[in-house]
Amino acid sequence: TRKVKAWQPQNNSLLYLPSPFSYTFCNKTSGNFTRNSTYHTNLNALLSILSNQSSLDNYYNLTTGLASDTVHGMFLRTGDVNRTTCNFCVKTATTKISKNCTNSREAVIYYFDCMVRYSDRFFLSALETQPNTFLWSTDPTPTTFGKFRQSLADKMGEVIVRSSMLSSSRTPYYLMDMTRFDNLYDLESIVQCTPYLDPGNCTTCLKLALQEIIDCCSDKRLIWTPKCLVSFDTYNSLLSPLPSPTRSGSFSIRVFLRHAQK
């Protein structure tokens, strides 16, 4: 069972609108558009294309319009979900973001399986860490959290370095790793960047996101930022040995059974 919470902005630059399993951030400093204006028409066209394209791609970006009516947009799905799930997530997100941010010229929405974003400025290649959102878990981490915190930092640091080498893989910068510690628990680590970052900025984004998790508390398990995702979970090891890695695209994954923790 998971309990979802989110980061709330500490200033008035963002309008934060939570709803079950999603978090929308409308940037109030970017200004507003007028209903039925050219910008509004271009935005609707962009969101419609993103929604349709999500049945075909893991990620997608496009630009519609000219000059002050230009809209840039993108979606990204997490690398561990299939295209059916991706399509459902993006379709839902494009509908929700237009309802939640009715006249904002810039907004982002996070779901567990995907994110959708649009803006009147080009944002694809820039490193950004805000606004972000977290997912907490009610499942306990290993009882020795201090020792586990160091294990988590070491392992995910290694995963981050490996993921930065995957810029040309089918799902760029995505890596999932499963490692057993002390024959007591399995640590599942997932990292992913938007494909438009260079490897250096991807690594920086992931390291900053990981530090947010490590500096906080034992129950924070996932962080979305505008440019990357870091997630981990733990499972007890009263189970059969981990199987050998299988191949999927350009990255290794392990097939494993998830067991409820005692």
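**Exercise 1. Work out which residues of β6 lie on each side, and whether they are buried or exposed.**

Step 1. Take the two faces of the strand in turn: Ala107, Ile109 and Tyr111 are on one side, while Val108 and Tyr110 are on the other. Both sets are buried, where buried means under 20% relative accessible area, exposed over 50%, and partly exposed in between (1.4 Å probe, protein chains only).

Step 2. Recall the general pattern: in a regular strand, side chains alternate between the two faces of the sheet.

Step 3. Check the whole element: β6 spans residues 107–111, and five of its five residues are buried. Strands here are DSSP runs of E with at least two residues, helices are runs of H or I with at least four, and both are numbered from the N terminus.

A note before going on: this is a predicted model, in which local features need pLDDT of at least 70 and side-chain atom pairs count only at pLDDT 80 or more, whereas totals for chains, interfaces and linings use all residues. Residues are numbered from 1 along each chain as its sequence is written, and side-chain values use heavy atoms, with hydrogens and water left out.

**Exercise 2. Find which strands pair with β6.**

Step 1. Apply the rule that two strands pair if DSSP finds at least two bridges between them.

Step 2. Look at β3 (residues 22–27): five bridges join this strand to β6, and the two run antiparallel. Within this pairing, cysteine 26 stands opposite alanine 107.

Step 3. Turn to β7 (residues 114–119), which is antiparallel to β6 over four bridges. Here tyrosine 110 has methionine 115 as its bridge partner. A hairpin is formed by β6 and β7, with two residues between them.

**Exercise 3. Trace what cysteine 26 and cysteine 89 are joined to.**

Step 1. Use the cut-off: a disulfide is a pair of cysteine sulfur atoms within 2.5 Å. The count by this rule is four disulfides.

Step 2. Follow cysteine 26 to cysteine 101, with an S to S distance of 1.9 Å. Cysteine 26 sits in β3 and cysteine 101 in the loop between α2 and β6, so the link ties together parts 75 residues apart in sequence. Both cysteines are buried.

Step 3. Follow cysteine 89 to cysteine 114, whose sulfur atoms are 2.0 Å apart. This pair connects helix α2 with strand β7 across 25 residues. The torsion about its S-S bond is about -85°, so this disulfide is left-handed.
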